[in-house]
Amino acid sequence: MDLALKPEHKAFADEVRAFARENLSPATREKTFSGKHYDKADHVVWQQALGKKGWLTYTWPKKFGGPGWDVTQRFLFENVLAEEGAPRIIPFGVKMVGPVIYTFGTDEQKERFLPGIRSSEVAWCQGYSEPGAGSDLASLRTRAVRDGDHYIVNGQKTWTSFAHWGDWIFCLVRTNPDVKPQEGISFLLIDMKTPGVTVRPIIMLDGAHHVNDVFLDNVKVPVANRIGAENEGWTCAKFLLANERLGIAEVPASKRGVRSLRELNDDPALAEKIADVDLQVQALEMSELRALSAMAMGGQPGPEVSTLKVRGSEIQQRIAELAMEAVGEYAAPYQPGMLFHDTNETPVGPDHAPPAAPRYFNMRKTSIYGGSTEVQKNIVSKAILGL
Amino acid sequence: MDLSLSDEQKQLQEGVERFVREKYTFENRKKIAASERGWLPENWAQFAELGWLAIPFSEEDGGIGFGPIGTMIVMEQFGKGLVLEPFLPTVVLGGGMIAAAGTAAQKEALLAPMIEGKKQFALAWLERQSRYNLADVSLKATKEGNGWSLSGQKGVVYNAASADDIIVLARTAGSAREEKGLTLFVVDGKAKGITRRDYPTQDAQRASEITFDKVSVGADAVLGTVDGGFPVVEDAVDRAIVALCAEATGCMDAINAATLDYIKTRKQFGVAIGKFQVLQHRMVDCFTNAQEARSMTLMASLKIEDKDAIVRHKAASGAKVQIGKSGKFCGQSAVQMHGGMGVTDELSVSHYFKRLTMIDLMFGNQQHHLTRYSNLAIAA
């Protein structure tokens, strides 16, 4: 066991850093450090650059177009990119549906869908939650009825991040209503341009538009777009959720958050609180590395990733809270122009003030999405502790 | 000892409650927030007519003598509806300082019309560097003939755009953070040399950055004594803190009620989610937090006019610590228990959460007041 990096890993980190400096637009980088929201182009340009280099799908096995990196390389890649201010890779294609397709899809499906994910030419979004199916995902009611070579899909998905940017959506749909909820679900890929697909924005408490309702009204989907067998979609769903929970802890971004807290803060009362969250990040990072290292020996992420998700969200929330505390009364001015648009507007208070409160508000979502903290704890309680 | 409301106080409570119920539905509030001033003149006129603007003041000052308990009753109900009319800057801060330190002439010129609903105020105390330190003032007032000339900057001045007069905390002597050498001035909001940058806040209030460039005022603009403004503003801010605590108590009641209703009706796994013990206990903690907040607010309201300054300061800081803690717990819990709906703009929950968050940051957060309380307790 050894924490020190080998020379070849140091060289690798340098290579990643050089790539980021060359390919990350200064405007995008600036948005990261100033807490502004990215627009679609920020993500697409950056992801396509990574795609060209063959690094976008850095977690994929070599045979499906991954670079074949070890755990240390992945760790360095994520950390260096976060340090350089890269936007996080939008996970829906690369980390969610991609692995589902190469694990459960047919060769034809792999050929058809994986290249667009690897190059980031096709944007994906996730059709899981429904108004009546949040924590209780398996109770979903979006119905897909077989009609020859097609399914006719009717229902509503919600909390769909970036549906307004999406070309395709992967959906859990009910294909058999007469069995146990988990046994009648199928996994469908739906082209967002299909007639009957409507996207309606949901505005969040900080004024941001990231998530949407997606209405499916008699949407005709080829049976060839189903991944896995009919009524066996829950297997794909669970596989995907475990992957989602692993990446969702956002350790590199939290490390960046702790660094900028230290830079901004000159208040001794805050310094200890920052130290405390710094240590929490270290514990989380080490736990995540232990999980990754175990996975490298073979196998899928286990139920312990739920603890990483819980702690990861708490840490992100705490960092946002401390950033707001550091700003004090100047967190009050609301300047949406400075958060969402390219503008000449100047901040009312200190430079770092405008995103502080909105970010704190917005980060409350992290203990809700991807399986709420309550759901994650139920998983740990059942699957690990046997309670 | 008697902690129950008198008949008159109950009447007041019911009156404000009715106003909030009728005029501050969630949809209505949205419209009011988006209106030109961010509050409605017709509501303000109604406050005047009902005597609410006279509540904290003594009868000799033209008030109705309900004192801090009266303010508490009003603010608590305002908190339930997230009322936007500038009661705090105008009545509690501005009116409060004029009543406490004003001359007979100032009371007649300022307080009387305020009570009639014809004047509004703002308090300009904060500066970019001052964080929560009330004495960290560098805006300078220098002698100019019989009067004074004010130059410098103030930030996050609530209600500045609507205020007829801005009460400015200025340095007339001493060094940067000294409590001595601060003087309060009543400055016409439209005086020459004033420039404002107005903006909405996270919680739909209105505030401004103000630059004072050689703003001339007469000798009669001084509120209280020259170099003796600090204790006046400190007490006024303490009273404002207690009023904010009452508002926060109302917010907590409302957000807890909304959450309780939600977990009783929202079904997952075939049952109302309120059937899950983890949510039950969290809801109980919300309830307990709101109770503690109410208790500390009442304690502070009863002590805030004590003769002993240390008692007053400790009461305000103690209540503010509790409100910071309870407000955060209730706000975060309400959002969490509402799930995704809790982080949307379309439910009232997120708006209460934002207001509770901003209340913690106003006039010093939980940490600041814990330190202040601790220092005061050691000194006593």
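Let's start inside chain A, where A:Lys110 pairs up with A:Asp107 in a salt bridge, with their closest N and O atoms 3.5 Å apart. Both residues sit in helix α6 (residues 107–119) of chain A, 3 residues apart, which is about one turn of the helix. Keep in mind that this is a predicted model. Over all chains, the structure holds 34 salt bridges.

**Where the chains meet**

- On one side of the interface, 43 residues of chain B are in contact, and on the other side they touch 48 residues of chain A.
- The size of an interface is often given as the accessible area lost when the parts come together.
- For chain B and chain A, that buried area is about 3600 Å², and carbon and sulfur atoms give 56% of it.
- Three names to look for are B:Gln202, B:Gln336 and B:Val343, which supply 18% of the area that chain B buries against chain A, more than any other three residues.

**Salt bridges and polar contacts across the interface**

- The rule finds 3 salt bridges between chain B and chain A.
- In a salt bridge you can look up yourself, the side chains of B:Lys328 and A:Glu321 come together at 2.2 Å, N to O.
- There are also 25 residue pairs in polar contact across this interface, with both partners at pLDDT 80 or more.

**What chain B brings to its side**

- The elements of chain B that give two or more residues to the side touching chain A are β3 (147–158), β6 (194–200), α8 (277–303), α9 (309–338) and α10 (348–361).
- Helix α10(B) provides the largest share of that side, with 6 residues.
- Sorted by class, the side of chain B that touches chain A has 18 nonpolar, 15 polar and 10 charged residues.

**A nonpolar patch on chain B**

- Over on the surface, B:Phe269, B:Val271, B:Phe276 and B:Val278 make a nonpolar patch of about 330 Å².
- One of these residues, B:Val278, lies in helix α8 of chain B.

Notes:
Residues are numbered from 1 along each chain as its sequence is written. Chains are lettered from A and ligands numbered from 1 in the order in which they are written. This is a predicted model: local features need pLDDT of at least 70, side-chain atom pairs count only at pLDDT 80 or more; totals for chains, interfaces and linings use all residues. Side-chain values use heavy atoms; hydrogens and water are left out. Contact means heavy atoms within 4.5 Å. Buried area is the accessible area (1.4 Å probe) that two parts lose on being put together, summed over both. A salt bridge is a side-chain nitrogen of Lys or Arg within 4 Å of a carboxyl oxygen of Asp or Glu. A polar contact is a pair of N or O atoms within 3.5 Å; within protein, one must be able to donate a hydrogen and the other to accept it, and residues adjacent in sequence count only if both atoms are side-chain atoms. Helices (H or I, at least four residues) and strands (E, at least two) are DSSP runs, numbered from the N terminus. Ala, Val, Leu, Ile, Met, Phe, Trp, Tyr, Cys and Pro count as nonpolar, Asp, Glu, Lys and Arg as charged, and the others, Gly among them, as polar. Patches are made of residues with over 30% relative accessible area and no salt bridge: like charges are joined within 9 Å, nonpolar side chains (Val, Leu, Ile, Met, Phe, Trp, Tyr) within 5 Å. Accessible areas come from the Shrake-Rupley method with a 1.4 Å probe; for residues, only the protein chains shown count as cover.
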